[in-house]
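Biologist: Hi! Could you pull up the model so we can chat about how the inside is packed and where the charges pair?

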Amino acid sequence: MRLLTPSLLLAASLLVAACGDEVYSDPVDTSPPDTADTSDTADTADTALPVDTVVPVADPVTPVPLLADGWLAASILTTSDPVGEALARGTFTTPQLGVDASGIAWGPATPDENGAFLPFVAPTVYLAGTVHVDAPTGVVGRFDNARSIWVDGQHRQPGELYGGAEPVRVPLVLPPGDHTVVVAQARPQRAIRVQLEATTDAVHFNLEDVTAPDLVVGQSDTQWLGVHVLNLSGAALLGVRAEVVESDRFAATRTTLPALAPGAFTQLSFELVPKAPWQAEDEEVTVRLHLASPDLTEAYEREVTLSVVPIGARHRRTFRSPVDGSTQYYGVLPPTTVVPGETYGLILSLHGAGDRAIDANAWYTPKDWAYVISPTNRRRFGFDWEEWGHDNALNALADARAAFPIDPLRVHATGVSMGGHGTWHLAAMHPDRFATFTPSAGWRSFYSYTGDPEPTGAFARARAHSRTIDFLDNLAGQRVYIIHGGEDPVVPVREARDMYALLQPITDDVTYHEEPGAGHFWRSAEDDTVNCANWPPALDQMEAARRVETPLDFAFRSPAPWYSPSSSYVTVTSVDDPYADFTVTSEHTDADRVALTTTNVRSMVIDMTALSAAGVAWLDHGGVHYAVDGAGELPIGPEDGKQLGLSGPYNQVFRQPFGFVYPDGDALARDYAAYLVSTWAAIGNGQAFALPYSALASGGPLDAENVPSRYNLVYVGFPGDAMAPDGLPFDWGPDGVTVDGEAHPDAALLLVTARDRLGALLYAPPGREHLLYRVIPFSSRSGMPDYLVWNEDGAALSGFLDAGWGFDPGLAR
């Protein structure tokens with residue numbers, strides 16, 4: 001393994017241009033509520049390299065297979081899981097053939113030549129094998145259908161959850177000797193696959209997990225390239241620079257990340273700036289990527305080949321996500337002909353679980369009137385088009401509207417299966433953004449579809465957006481076309497029938513088509529291009545439909561401003577009661593007058609430009625008559641306390657570029673932070689970082705760049721005497737957590753904070769660090785409130801801080 005140097009990065013070194021044309025990344029849009037600045041950060045160190053210091057580029061290293069032997073398997077058929085408990089508490093010991101002390105039987109298991117084990121029937125299965133290395137070794141691991149992986153009962157990392165659907169690779173950092181690798185099965189009756197490769201590289205480019213654009217002939221606009229990178233160095237790598245090496249085709253560019261988390265993987269974004277439009281004779285173009293850090297004695301370079309496609313061809317387009325700075329893509333099917341100066345409709349099509357966005361785009365034939373845009377749900381399974389999937393759909397739509405000649409009044413939402421649910425979700429949360437909604441084979445909620453119990457208390461409120469039917473009244477007057485197969489074995493047809501019945505008294509413009517005898521995804525027997533996505537009657541409705549630019553008569557209900565703040569000319573920025581929905585009702589009372597009434601609205605912003613363009617001269621609200629006198633915004637209500645982008649709950653911390661900070665020398669906090677970074681990459685194709693506190697402290701390597709003002713930070717493992725926010729009755733330390741004078745012994749704490757930016761604190765007492773792994777935010781069903789106290793028995797206290805970021809006992813549950 002290549003050794004590390006101390007962190008040696010001078011701030012100015014990030015500002016020195018490479019030879020030729022160099023482009024520095026523009027800041028990612030900081031508009032609330034979902035965006036933040038991810039522009040370059042320059043790092044400093046106690047001992048600085050000269051600004052012109054250039055480290056050598058490492059010679060290419062091909063990882064070599066590393067065999068694990070002696071595999072044993074344990075199948076657990078009861079609700080008790082002593083293996084998982086031992087792994088969580090750090091007491092796991094290497095098993096032997098036979099029955100262990102906890103009564104679990106370990107039997108031999110043999111993988112095939114590709115590392116695949118025969119599928120197990122039991123719901124909970126663990127595999128344990130032995131790996132031997134003679135020297136410090138970085139290992140690139142493939143773990144398909146694996147919930148988690150441990151090395152020697154520690155250093156937990158996520159695996160690939162869906163049996164190889166995603167090309168996830170996991171870093172293992174092994175000192176010399178024998179090591180026990182434990183793999184926890186993700187899903188029964190699917191093969192677990194384990195493949196290990198050893199490398200001497202300190203970082204590894206996973207070139208199988210790349211988010212890349214197709215380059216379109218005649219175009220030269222900036223695109224982004226995302227590559228997953230594994231940190232095998234054994235330490236946090238600070239001041240990471242992701243650069244495109246200048247060539248005759250691309251300008252030199254640079255983006256940065258504060259750190260690569262130790263023993264973790266994340267996506268890095270590389271900016272692609274072409275020097276000239278792509279030509280018809282170009283079939284493939286190669287781009288060279290450069291990764292460097294002052295903590296590395298060598299830089300690393302790899303090449304990626306990009307496809308060039310003809311004008312008008314179906315292709316992938318990429319953008320840099322304002323959520324986390326990662327690169328995301330969407331499939332594009334252009335209109336049959338694009339006439340300069342004309343505008344076109346847009347069909348936003350959401351894919352089903354397990355589908356690739358570009359493949360879902362291929363469900364459609366070209367239209368002469370519209371672009372078909374197919375975003376990803378961050379991954380093929382992702383977030384059920386809620387939470388970060390919901391955000392990514394809207395961010396892809398925003399990018400497409402900026403890139404193509406789109407008529408914003410002819411934008412339509414549709415999708416199949418999980419994408420059908422996503423369509424219902426967009427309809428309920430953003431009814432005024434689309435001209436039509438066409439859910440196909442969709443389900444209305446997790447609870448109706450799966451029968452799972454609904455959350456209660458503060459958790460129910462943090463996840464209130466999942467209850468689609470609570471917000472169906474938002475579809476009054478909207479156009480909805482429901483499609484479902486009559487014999488659908490995956491999503492019961494009752495989901496569509498129930499939604500049709502619920503919508504009939506709400507809107508007159510709802511159509512229901514049930515294809516007799518059809519299954520989940522069905523095609524016409526007469527025409528293979530006709531299917532449950534590319535359905536001509538629904539497409540005819542889309543082509544004819546046009547939404548109102550600024551509705552003046554509407555009633556809108558939302559679960560919270562942090563998730564769905566806007567309707568027409570109103571954006572709600574904060575509420576009084578976090579346990580209640582807010583409502584906004586607008587009535588066009590006279591030719592030039594509207595009356596606005598609200599419930600549970602503490603503050604809001606009125607788009608005076610939109611009202612003026614709609615011919616409104618007066619706005620009546622709360623007994624006040626506001627003159628609409630031109631462009632601009634009118635804020636109403638307090639502008640302090642909780643506001644858009646700075647309100648909580650916990651999941652909102654991860655709606656802007658974020659990272660984790662852990663105490664120096666705290667291996668357990670470090671490993672948990674690294675686990676979260678990798679989990680976000682594995683599930684959300686995302687970018688995040690983790691680093692020790694000393695890197696940010698006064699005089700530390702990143703001090704000069706004020707990372708806390710540029711990223712949402714989650715501090716892991718710090719006691720209350722070091723981190724407790726002023727004015728809140730929270731205290732925590734080795735004995736547990738105290739809230740408002742009530743002690744919770746041996747408990748852990750999650751607390752959302754608001755300093756310069758949104759952030760959070762996570763802490764578990766010594767010996768109870770395993771409790772942290774019970775709180776993993778990156779799921780469509782993992783919504784947490786502003787604070788949570790939990791122990792071995794579960795949640796002990798949860799709730800929200802008030803609108804002024806104060807503690808109110810009445811908001812605790």
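Modeller: Here it is, and bear in mind that this is a predicted model. Shall we start with the nonpolar packing?

Biologist: Sure. Which residues touch the most other members of the largest nonpolar core?

Modeller: Leu225, Tyr650, Phe660 and Phe730 do, in a core of 101 residues.

Biologist: And which helix gives the most to this core?

Modeller: That would be helix H10, spanning residues 667-684, with nine residues in the core.

Biologist: Let's zoom in on Phe660. What is it in contact with, leaving aside neighbours within four places in sequence?

Modeller: Phe660 is in contact with Phe654, Ala673, Leu676, Val677, Phe689, Ala690, Leu691, Val714 and Val716.

Biologist: Nice. What does the second core include?

Modeller: The second core is separate and has 38 residues, among them Ala400, Leu426, Val480 and Leu503.

Biologist: Changing topic: how many salt bridges does the structure hold?

Modeller: There are 38 salt bridges in the structure. One of them pairs the side chains of Arg379 and Asp209, at 2.9 Å from N to O.

Biologist: Where do those two sit in the chain?

Modeller: They link distant parts, being 170 residues apart. Arg379 is in the loop between strand E24 (370-375) and helix H3 (387-403), while Asp209 belongs to strand E13 (residues 203-211).

Biologist: Are Arg379 and Asp209 buried or exposed?

Modeller: Both Arg379 and Asp209 are buried.

Biologist: What about Arg316, which residue does it form a salt bridge with?

Modeller: Arg316 pairs with Asp214, and their closest N and O atoms are 3.6 Å apart. Arg316 lies in strand E21 (residues 315-320) and Asp214 in the loop between E13 and strand E14 (215-216), 102 residues apart.

Biologist: Why does Asp214 count as buried?

Modeller: Its relative accessibility is 11%, and buried means under 20%. Arg316 has a relative accessible area of 29%, so it is partly exposed.

Biologist: Got another one that links distant parts of the chain?

Modeller: Yes, Arg546 and Asp407 meet in a salt bridge at 2.8 Å, N to O. Arg546 is in the loop between helix H8 (536-544) and strand E29 (554-558), and Asp407 is in strand E25 (residues 406-416), 139 residues apart. Arg546 is partly exposed, with a relative accessible area of 46%, whereas Asp407 counts as buried at 9%.

Biologist: Last one: which residues do salt bridges that share partners join into one network?

Modeller: That network is made up of Glu85, Arg89, Asp746, Arg768, Arg774 and Glu792.

Notes. Residues numbered from 1 in each chain as written. Predicted model: local features only at pLDDT ≥ 70, side-chain atom pairs only at ≥ 80, totals over all residues. Heavy atoms only, no water. Salt bridge = Lys/Arg side-chain N within 4 Å of Asp/Glu carboxyl O. Helix = DSSP H or I, 4+ residues; strand = E, 2+ residues; numbered from the N terminus. Buried < 20%, exposed > 50% of the residue type's maximum accessible area, 1.4 Å probe, protein only. Core = buried A, V, L, I, M, F, W, Y, C linked by side-chain atoms within 4.5 Å. Contact = heavy atoms within 4.5 Å.
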